[in-house]
Amino acid sequence: LLGSGFGNPVMAVILSFKNRFEETARTFISPPQEGFLEALAFGQESNISREWKDKLNLTGTRHIAAVSGMNITIISSIIFSFILGLGLRKNQAFYLSIGLLFLYILMIGAPASAVRAFIMAAIFLLAANLGRPNSSFRAVFFTAALMLALNPMLLVKDIGFQLSFLAILGLVCLQPFFSHWLKFLPNPKIFPVKATLAATLSAQVFTLPILVYNFGYFSPISVLPNILIVPLLAPVTILIFIFGISGIIFSPLGFLLSLPVWLSLSYMIKIIDWFSRLSFASLAVENLHFVWLIIFYLILSVFIWWYNKYIFDYNKNER
């Protein structure tokens, strides 16, 4: 050790807060819940046992415990919808969402995958804030093209970039489709079930082939545990930070808030545990040729083109 105190003072404050946060969490929350708390809050899997990591893989929910492009993309969309549900204007919700995401990226150490996902998520939220969905599509491609101009190997070597890009495309291209077909679901302001589920399904459809191609297996039941867990990620993560900050400031309040946090994490753990015990939870798909990826995305592209044309013609006839 050559010295200390020469780093960025802002980062010093953020990392000091993170360390105290983790100490508070370990004081009130026991394993395995504590390991999942750190994973949700900071993307740290070090305190999750090998057994639970395997269960996350089997159920297709590993993304909730890692800083992945898909995870940040989904959470950014959920946070934006959640803040809008609190009654804030779209412009206010945009700035607050960007601010929360930026602080979150700094707190987890700003890994390259998270920074790229943040840039893409920010572009997507900006287009949504401006009310120009067509701009979302163009902006995402512009951002991806700029990144690839700086480092072309991202396209073939970086799974995080692929997941970030595809998850955003899923939200842009498929979320209106799923929102339409899920219109029978309630969509209250505080807990937008339909919007959250549509965002989750859209991202998963676009990223599933890449996940199967790279890891050699897929979970046919992954949609079910994700439906039961992902809608809770944003509110539970917010609750975790409220608990941690409260525990740092006033220990008895942290103790009181640790109960709902523990119950929320226990619910997620029970869902993951139950689905992982199913004999058909995971199927191996070895040596998948990249041609199948091309075929899948071609079919998906044709479907999106057809659906958009159908909706356009339908709205035109309605007028």
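# Reading burial, helices and salt bridges

Me: Is I210 buried or exposed?
Reply: I210 counts as buried, because its relative accessibility is 9%. Buried means under 20% relative accessible area, exposed over 50%, and partly exposed in between, using a 1.4 Å probe and protein chains only. This is a predicted model, in which local features need pLDDT of at least 70 and side-chain atom pairs count only at pLDDT 80 or more, while totals for chains, interfaces and linings use all residues. Residues are numbered from 1 along each chain as its sequence is written, and side-chain values use heavy atoms, with hydrogens and water left out.

Me: What does I210 touch?
Reply: Contact means heavy atoms within 4.5 Å. Leaving aside residues up to four places away in sequence, I210 touches I159, Q162, L163, L166, L293 and Y297. Take L163: 47 residues separate I210 from L163 in sequence, yet their C-alpha atoms are 7.6 Å apart.

Me: Which helix holds I210?
Reply: Helices are DSSP runs (H or I, at least four residues), numbered from the N terminus. I210 sits in helix α10, which covers residues 193-215. T207 is in α10 too, and counts as buried at 0% relative accessibility. A polar atom of the T207 side chain lies 2.8 Å from the backbone oxygen of A203. Y213, also in α10, is partly exposed at 34%.

Me: Which surface feature includes Y213?
Reply: A nonpolar patch. Patches use residues with over 30% relative accessible area and no salt bridge; nonpolar side chains (Val, Leu, Ile, Met, Phe, Trp, Tyr) are joined within 5 Å, like charges within 9 Å. Here Y213 joins F290, V291, W292, I294, I295, L298 and I299, with about 790 Å² of accessible area together. That area comes from the Shrake-Rupley method with a 1.4 Å probe, where only the protein chains shown count as cover. Helix α13 (residues 290-318) contributes the most, seven residues.

Me: Why do the ends of α5 fit its residue count?
Reply: The expected span of a helix is 1.5 Å times one less than its number of residues. Helix α5 has 18 residues (90-107), so it should span 26 Å, and its end C-alpha atoms are indeed 26 Å apart. Its buried residues are A93, F94, S97, I98, L101, Y104, I105, L106 and M107. Just after α5, G109 has a positive phi of about 95 degrees.

Me: How many salt bridges are there?
Reply: Side chains of opposite charge can pair when their charged atoms come close. A salt bridge is a side-chain nitrogen of Lys or Arg within 4 Å of a carboxyl oxygen of Asp or Glu. That rule gives seven.

Me: Which partners does R26 have?
Reply: Among them are E22, with closest N and O atoms 3.9 Å apart, and E38, at 3.1 Å. E38 is in helix α2 (residues 33-42) and R26 in helix α1, so this pair ties together parts 12 residues apart in sequence. E22 and R26 share α1 (residues 9-28), four residues apart, or about one turn. E22 is buried at 8%, E38 is buried at 1%, and R26 is partly exposed at 44%.

Me: Where does the E51 salt bridge sit?
Reply: E51 pairs with K55, the closest N and O atoms being 3.4 Å apart. Both lie in helix α3 (residues 50-58), four residues apart, about one turn. E51 is partly exposed at 49%, whereas K55 is buried at 11%. Elsewhere, salt bridges with shared partners join E22, R26, E34 and E38 into one network.

Note on methods:
Helix = DSSP H or I, 4+ residues; strand = E, 2+ residues; numbered from the N terminus. Polar contact = N/O pair within 3.5 Å; in protein donor to acceptor, adjacent residues only side chain to side chain.
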